[in-house]
Amino acid sequence: MVTTHEEEQDGQSSAIQEFVEILEEHRRNCEQQGKYVEAEIAKNRLKELRAHEDNRRMEAMKARQISEKLGVEEAHMLEFKQFNMQWDKKKKTYDEKAQGLLDAMKDRHTSELKEFQARTLSKHQRPKFSPELLNYRRVE
């Protein structure tokens with residue numbers, strides 16, 4: 001059976017915990033029997049084991065945090081890429097629509113200008129001369 005890294009650490013932790021309990025019991029027995037040097041050695045060994053176990057747990061926690069942090073960063077980057085792709089798509093759609101509206105406006109302005117010019121030319125009226133001008137012409 002294949003075990004994961006965490007299962008191995010849990011197994012190792014329980015083995016160390018059992019060893020600490022046995023060593024603690026041994027220390028108490030030594031104190032009760034008056035073997036204070038051996039009890040001191042057991043006490044120092046317990047201190048070392050607990051420090052080692054604390055360091056191991058701290059390193060395991062750091063490793064989990066780093067793993068979680070990488071997972072979160074990866075998810076963030078994926079979300080950022082998806083957002084950029086959607087943004088680019090929306091911008092492209094907007095630009096195309098804006099260009100279409102601009103072209104339609106130019107066409108409408110061109111046709112309105114042509115209509116205006118045609119109306120202006122068709123209304124070309126003869127100038128109405130002032131009475132003074134007409135009077136001068138008659139005098140000539």
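**Exercise 1. Find the partner of arginine 45 and describe the contact.**

Arginine 45 pairs with glutamate 48 in a salt bridge, with 3.5 Å between the closest N and O atoms. The term stands for a side-chain nitrogen of Lys or Arg within 4 Å of a carboxyl oxygen of Asp or Glu. Before going on, note that this is a predicted model, where local features need pLDDT of at least 70 and side-chain atom pairs count only at pLDDT 80 or more, while totals for chains, interfaces and linings use all residues. Residues are numbered from 1 along each chain as its sequence is written, and side-chain values use heavy atoms, with hydrogens and water left out.

Next, place the pair: arginine 45 and glutamate 48 are 3 residues apart in helix H2, so about one helical turn separates them. Helices (H or I, at least four residues) are DSSP runs, numbered from the N terminus. An α-helix has 3.6 residues a turn, so residues three or four places apart point the same way.

Last, check the exposure. Arginine 45 is partly exposed at 37% relative accessible area, and glutamate 48 is partly exposed at 48%. Here buried means under 20% relative accessible area, exposed over 50%, and partly exposed in between (1.4 Å probe, protein chains only).

**Exercise 2. Work out whether arginine 56 and its partner glutamate 53 are buried or exposed.**

Start with the contact: the closest N and O atoms of arginine 56 and glutamate 53 are 2.7 Å apart, in a salt bridge. These two residues also sit 3 apart in helix H2. Now the answer: arginine 56 and glutamate 53 are both buried. Other buried residues of H2 include Ala39, Leu46 and Ala60.

**Exercise 3. Compare the span of helix H2 with the expected value.**

Helix H2 covers residues 36-122, which is 87 residues. The expected span is 1.5 Å times one less than the number of residues, giving 129 Å for H2. From first to last C-alpha, H2 reaches 126 Å, close to that expectation.

**Exercise 4. Trace the network of salt bridges that includes Glu31.**

Begin in helix H1 (residues 5-33), where glutamate 31 and arginine 27 lie 4 residues apart, about one turn. Their side chains meet in a salt bridge of 2.6 Å, N to O. Arginine 27 is buried, at 16% relative accessible area, whereas glutamate 31 is partly exposed, at 36%. Then widen the view: Glu24, Arg27, Glu31 and Arg50 are linked in the network. For the whole count, the rule gives 8 salt bridges.
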